[in-house]
Amino acid sequence: MTPNASLPSPPGRTRGGIVLLVLAILGLAGAVFVVRRPLMMSAPACMAGRWHGCFDTFNGVVLLTLAGLPLAALVVWALARRRRATGVLSAWRISLAEVGMLYGTVPFLWMTLMPGGGAGTVPARVSLVPLRDLATMGPLGIGGNLLVFAALGFFAPMRFAASASLPRVLALGAGCSVLVETAQYALRLDRVSSVDDVLVNATGAVLAALASRRWWRTTTQAPADRPHPTPTPTR
C-alpha cells in the first residue's frame with residue numbers, strides 16, 4: 001500500500017453525485033420541453049447550415065448548444081481516459097471542468113455579443129448608475145445574465161485551486177463581464193453597456209460557485225492534474 005493510493009468514494013457521496021446528475025438531466029429535459037416550440041423555429045435554418053435564422057438568433061444558438069451536448073460528453077470521456085492512463089488523480093473532474101467552462105460559457109458570450117438591429121449606426125450607450133437597469137431587464141433578462149458566467153463560476157474553482165474562493169470567483173466574473181461590456185461599447189453592437197449587467201453576471205458566477213463548492217480543489221491537496229509519483233519503498 002502507498003500513501004498516495006486513491007480510496008473509493010464514500011457511498012453517500014457517490015449516491016449524492018448520482019442524484020445530482022439525475023436532477024440536472026431532469027431539469028434540462030424540462031427546460032427543453034418548455035421552450036421546444038421556439039427552438040424548433042430555428043431548426044430548419046440550422047439543419048441547412050444557414051447563418052441567418054440560426055447563428056444570428058438566440059433560439060438557434062441554444063438549439064445548437066443542446067445538439068452538441070453528446071459531442072461535449074465524448075470530449076470529456078476522451079480527456080478523462082487519457083489522463084487516467086497516465087495516472088492523473090481526479091481525471092474525470094478535471095476533464096469535466098475544462099469542457100464545462102468552455103462549453104457552458106461560449107454560447108452565452110455569443111448571444112451577449114450578438115449585434116442588434118442598429119449595430120454600427122446607433123451611438124454606443126453606457127449606464128453607470130447601479131440598479132437602475134434592473135427594472136427594465138425583467139425576469140428573463142436577469143435570468144439570462146445570471147447564466148452568462150455561471151459555468152465559469154461553477155467549474156473554474158474545481159479546475160484551478162487559485163480561483164477556489166468566493167471573492168476570487170466574484171472578481172473573475174466581474175472582470176470577464178467588464179471585458180464583455182467594453183467590447184459591446186467599442187464594437188457599437190446596439191447594446192447598452194451597463195454596470196447592472198456586470199453586477200448580475202458576477203452574482204451568477206458566485207451562485208454557481210456556491211453550488212459546486214463541495215467539489216473544489218484545496219491548496220493543501222497535491223495538484224490533481226499531475227500524476228502522483230509512487231514512493232520508493234525503504235528497507
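## Salt bridges and a nonpolar patch

The structure holds 3 salt bridges, a salt bridge being a side-chain nitrogen of Lys or Arg within 4 Å of a carboxyl oxygen of Asp or Glu. This is a predicted model, in which local features need pLDDT of at least 70 and side-chain atom pairs count only at pLDDT 80 or more, while totals for chains, interfaces and linings use all residues. Residues are numbered from 1 along each chain as its sequence is written, and side-chain values use heavy atoms, with hydrogens and water left out.

The table lists the pairs.

| Pair | N to O distance | Separation in sequence |
|---|---|---|
| E98 and R83 | 2.8 Å | 15 residues |
| E98 and R159 | 2.8 Å | 61 residues |
| R125 and D190 | 2.8 Å | 65 residues |

**The network around E98.** R83, E98 and R159 are linked in a network of salt bridges. Helices here are DSSP runs of H or I with at least four residues, strands are runs of E with at least two, and both are numbered from the N terminus. The side chain of E98 meets that of R83 in a salt bridge. This pair links distant parts of the chain, with E98 in helix α6 (residues 91–112) and R83 in helix α5 (residues 69–85). E98 also meets R159 in a salt bridge. That second pair joins helix α6 to helix α8 (residues 150–159), where R159 sits.

Accessibility is described by relative accessible area: buried means under 20%, exposed over 50%, and partly exposed in between, with a 1.4 Å probe and protein chains only. R83 is buried at 17%, and R159 is buried at 9%. E98 is partly exposed, at 24%.

**The R125 pair.** R125 forms a salt bridge with D190. R125 lies in strand β1 (residues 125–127) and D190 in the loop between α9 (166–187) and β2 (192–194), so the pair ties together parts that are distant in sequence by 65 residues. R125 is partly exposed, with a relative accessible area of 35%, and D190 is partly exposed at 24%.

**The nonpolar patch.** L71, L74, V75, W77 and W92 make a nonpolar surface patch of about 500 Å². Patches consist of residues with over 30% relative accessible area and no salt bridge; like charges are joined within 9 Å, and nonpolar side chains (Val, Leu, Ile, Met, Phe, Trp, Tyr) within 5 Å. Accessible areas come from the Shrake-Rupley method with a 1.4 Å probe, and for residues only the protein chains shown count as cover. Helix α5 supplies the largest share of the patch, 4 residues. W77 lies in helix α5 and counts as partly exposed at 39% relative accessibility.
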